[in-house]
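Work through the exercises below with the sequence and the model side by side, and try each task before reading its solution.

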Amino acid sequence: MRICILGATGLVGRELLTLIDRAWPGAQLALYASRDRTIEHAGRALEVHAATKLEAEGAQGGDVAFVALDDEFSARYCPRLVELGYRVIDKSNTYRMNPDVPLVVAGVNHRRATAETTLVANPNCTTIPMTLALEPLRAAFGLGEVTVSSYQAISGAGVSALEQFVVKTAGGFSAMAASGDILGEGLDEGEYPGNTVPHNGKTDDSGFSSEERKLINESRKILELPDFGICAQCCRVPVPVGHYENLWVTLEREATQAQILEALNGGPFLRVLPGASGDGLTALTTLDDRDRALVGRLRKDNRDAATGPGGTRWCLTVAADNLRLGAATNAVRVASAWFPSQDPELQV
Ligand SMILES: NC(=O)c1ccc[n+]([C@@H]2O[C@H](COP(=O)([O-])OP(=O)(O)OC[C@H]3O[C@@H](n4cnc5c(N)ncnc54)[C@H](OP(=O)(O)O)[C@@H]3O)[C@@H](O)[C@H]2O)c1
């Protein structure tokens with residue numbers, strides 16, 4: 001098997017290398033980024049090539065290509081990879097809302113990746129865990145409306161943003177400790193350290209940022225509910241990895257807490273944490289279970305009119321590692337529909 005990673009040096013690309021070792025050990029790797037170089041992975045030196053080489057006549061094809069680049073480079077290279085004979089899974093926003101391209105969450109709508117499919121779009125890092133949690137509820141009780149508020153990690157913005165965040169946080173908090181500025185008044189109000197900021201995507205005429213529109217529109221496409229009543233608000237919090245989402249869910253049919261937990265426990269790639277207090281449900285605990293979404297804090301919305309144990313309005317929290325479940329793991333599971341994974345955890 002020959003596997004290509006385009007963007008192999010980035011945060012998502014690096015995770016893909018680890019997952020490929022688990023799913024398809026011994027696969028031949030074709031790695032690309034902006035320029036030629038050697039990278040170290042699991043004690044091996046791996047050659048990375050400039051992506052422009054893929055445009056050369058006689059460039060070699062292969063079986064599956066994972067593309068982990070910014071939108072403009074995805075648009076440039078995905079068609080070429082398909083032309084070279086790869087089945088392509090693109091992690092950018094470029095093809096997600098294209099009606100001709102399936103937008104796939106493994107465990108929700110992977111049937112859309114068929115034997116004929118040559119290009120799949122991988123959804124946004126908040127959409128994947130949220131739809132994994134919503135699909136069992138949709139199947140069991142029907143989905144009315146969903147309101148979601150996200151608290152997203154800095155690594156969602158890529159490797160340079162994450163590296164700068166670590167350096168600036170260390171510097172900023174050292175300066176606070178040295179000067180006794182325990183409120184953080186000396187921190188930069190426009191930067192991530194010690195701060196919560198609106199998600200910095202493009203805000204359109206609707207007033208919603210691109211990140212908010214992704215959660216709304218992608219979940220409608222994946223769940224195949226074009227009129228799904230969903231509203232989202234997104235922000236970034238000063239956390240390296242782990243996107244955290246608070247959801248207010250209205251079901252079509254009444255359910256008890258036990259019935260909802262049972263439905264969630266039957267859903268793939270979820271770890272359900274019982275109890276409303278949220279013990280063990282933090283951004284950092286997503287790093288202990290990187291290939292599943294954590295779901296918990298389930299409790300009846302205090303505005304639900306039902307007086308008994310059942311109700312239609314519920315609050316819950318979903319958290320997931322944005323680089324793994326929210327990106328690389330989903331892509332590998334989608335590819336496992338075509339090329340079975342040796343690691344059952346990565347098989348859809
Ligand atoms: N981070 C997340 O949580 C997350 C989650 C879901 C989806 N995504 C999406 O996945 C994609 C990759 O994200 P990331 O966080 O891994 O980004 P990243 O850490 O910034 O890595 C970007 C990659 O793109 C490569 N690249 C940059 N310019 C290039 C060029 N001119 N030609 C070829 N390659 C080039 C970089 O190679 P060099 O090292 O050579 O510059 C690097 O390998 C993005 O579309 C992002 O929106 C990210």
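**Exercise 1. Describe how the two domains are placed and how they meet.**

Solution. Begin with the separation: the centres of domain 1 and domain 2, taken over C-alpha atoms, are 27 Å apart. The bounds, which come from an automatic or database domain assignment, put residues 2-123 and 327-346 in domain 1, and residues 128-153 and 196-322 in domain 2. The model is predicted, so that local features need pLDDT of at least 70 and side-chain atom pairs count only at pLDDT 80 or more, while totals for chains, interfaces and linings use all residues. Residues are numbered from 1 along each chain as its sequence is written, and side-chain values use heavy atoms, with hydrogens and water left out.

Next, take the contacts (heavy atoms within 4.5 Å): 26 residues of domain 1 touch 17 residues of domain 2. The buried area, meaning the accessible area (1.4 Å probe) that two parts lose on being put together, summed over both, is about 1700 Å², and carbon and sulfur atoms give 55% of it. On the side of domain 1, Met97, Val108 and Arg333 lose the most area to domain 2, together 27% of what that side buries.

**Exercise 2. Identify the polar and charged links across the interface, and the elements of domain 1 that take part in it.**

Solution. Start with salt bridges (a side-chain nitrogen of Lys or Arg within 4 Å of a carboxyl oxygen of Asp or Glu), of which five cross between domain 1 and domain 2. Then turn to the elements, where helices (H or I, at least four residues) and strands (E, at least two) are DSSP runs numbered from the N terminus. Helix H1 (11-23) and helix H7 (324-336) are the elements that give two or more residues to the side of domain 1 that touches domain 2, and H7 gives the most, with four residues.

**Exercise 3. Find a salt bridge within one helix.**

Solution. The count of salt bridges comes to 21. In one of these, Arg80 pairs with Glu83, their closest N and O atoms being 2.4 Å apart. Both residues lie in helix H2 (residues 71-83), where they are three residues apart, about one turn of the helix.

**Exercise 4. Locate the annotated active site and explain how its residues can belong together.**

Solution. An unreviewed UniProt entry lists Cys125 and His243 under "active site". They span 119 residues in sequence, yet no two of their C-alpha atoms are more than 7.9 Å apart, so they gather at one spot. Cys125 sits in the loop between strand S7 (119-121) and helix H3 (127-141). Such UniProt annotations may be inferred rather than shown by experiment.
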